[in-house]
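Please read the following account with the sequence and the coordinates side by side. It moves from one residue to its surroundings and from there to the wider arrangement.

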Amino acid sequence: MPTLATNKGILMSKAFIAQVIQDSAELTGVAANRTANDLITAIVKEMKKNGKFTLPSFGTFTVRKTKARKGLNPRTGEQIKVKAGKTVRFKASPNLKKSV
C-alpha cells in the first residue's frame, strides 16, 4: 500500500485511501481515486457547513477559531502580529484509543 515515510513515522496519503477503496470494492484505479477525492471533499464540505465531522468508532474533527496574537519571527526575533484564523482539531473515540 502506498504511504509517505517521514522522520516521525508513516503518513497516510490519498493514494493509500484510494488503494484501500480499489482493493475493497474491486474498482479501477481511476474510479478509486475519484471516490477518494469525493470522500475527502465531502468531509471538508461538512466541516465548513457544521464546524465538525464525526466518524463513529474513529473520532471527531472539529473546526476551532484561533484568536489574533503576537508572535516572534524565528529568524529575526522581531515581534509580528498573527491574524485570527481557524484550525482543525481531532479527538479520537474511545474505541479507536482501545484498538491502538
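In this predicted model, phenylalanine 58 is a convenient place to begin: with a relative accessibility of 36%, this residue counts as partly exposed, because the value falls between the 20% under which a residue is called buried and the 50% over which it is called exposed. Phenylalanine 90 belongs to the partly exposed class as well, its relative accessible area being 38%.

Which residues do the ring pairs link into a cluster? The cluster is made of Phe58, Phe61 and Phe90, and the structure holds two aromatic pairs. In one of them, the ring centres of phenylalanine 58 and phenylalanine 90 lie 5.5 Å apart while the planes meet at 50 degrees, so this pair is classed as tilted. Phenylalanine 58 sits in the loop that runs between β3 (52–55) and β4 (59–66), whereas phenylalanine 90 is part of strand β7, so the pair ties together parts of the chain that are 32 residues apart in sequence. The pair formed by phenylalanine 61 and phenylalanine 90 is likewise described as tilted, with 4.7 Å from centre to centre and 45 degrees between the planes. Here the connection is between strands, phenylalanine 61 lying in β4 and phenylalanine 90 in β7, so that parts 29 residues apart in sequence are tied together. Phenylalanine 61, at 24% relative accessibility, also counts as partly exposed.

The strands that carry these rings can now be placed in their sheet. An open sheet of three strands is arranged in the order β3-β4-β7, and its pairing is antiparallel. The edge strands are β3 and β7, each of which pairs on one side only, and neighbouring strands of the sheet are turned against each other by 20 degrees on average, when direction is ignored. In general, the strands of a sheet pair through backbone hydrogen bonds, in either a parallel or an antiparallel manner.

Taking the strand pairs in turn, β3 and β4 run antiparallel and are joined by four bridges. Lysine 52 stands opposite threonine 62 of β4, and threonine 54 stands opposite threonine 60, again in β4. The hairpin of β3 and β4 has three residues between the strands, and within this hairpin serine 57 takes a positive phi near 70 degrees. On the other pairing, β4 and β7 are matched in the antiparallel sense over eight bridges, and arginine 64 has threonine 87 in β7 as its bridge partner.

Threonine 60, which lies in strand β4, shows how one residue meets both of these pairings at the level of individual atoms. Its side chain is joined to that of threonine 54 by a polar contact of 3.2 Å. Setting aside residues up to four places away in sequence, threonine 60 touches Lys52, Phe53 and Thr54, and also Arg89, Phe90 and Lys91.

Just beyond β7, serine 93 occupies the loop between β7 (85–92) and α3 (94–99). Is serine 93 buried or exposed? Its relative accessible area is 12%, and serine 93 is therefore buried. Apart from neighbours within four places in sequence, serine 93 is in contact with Ser57, Phe58 and Gly59, and its side chain reaches the backbone oxygen of serine 57 at 3.3 Å. Serine 57, the residue with the positive phi in the hairpin, is thus met again from the loop that follows β7.

Outside the sheet, helix α2 (residues 29–50) lies across β3, β4 and β7, and runs at about 130 degrees to β3. In the loop between α1 (14–25) and α2 one finds leucine 27, which counts as partly exposed at 32% relative accessibility. When neighbours within four places in sequence are left aside, leucine 27 is in contact with Ile21, Gln22, Ala32 and Thr35. Leucine 27 and leucine 11 are separated by 16 residues in sequence and, from C-alpha to C-alpha, by 23 Å in space.

At the level of the whole protein, the chain is divided into domain 1 (11–49) and domain 2 (52–99). The centres of domain 1 and domain 2, taken over C-alpha atoms, are separated by 23 Å.

Methods: Residues numbered from 1 in each chain as written. Predicted model: local features only at pLDDT ≥ 70, side-chain atom pairs only at ≥ 80, totals over all residues. Heavy atoms only, no water. Helix = DSSP H or I, 4+ residues; strand = E, 2+ residues; numbered from the N terminus. Buried < 20%, exposed > 50% of the residue type's maximum accessible area, 1.4 Å probe, protein only. Polar contact = N/O pair within 3.5 Å; in protein donor to acceptor, adjacent residues only side chain to side chain. Contact = heavy atoms within 4.5 Å. Phe/Tyr/Trp six-rings, centres within 6.5 Å; stacked < 30°, edge-to-face > 60°. Pairing = 2+ DSSP bridges. Domains from an automatic or database assignment. Axes fitted to C-alpha atoms, helices over the stretch in contact; angles between N-to-C directions.
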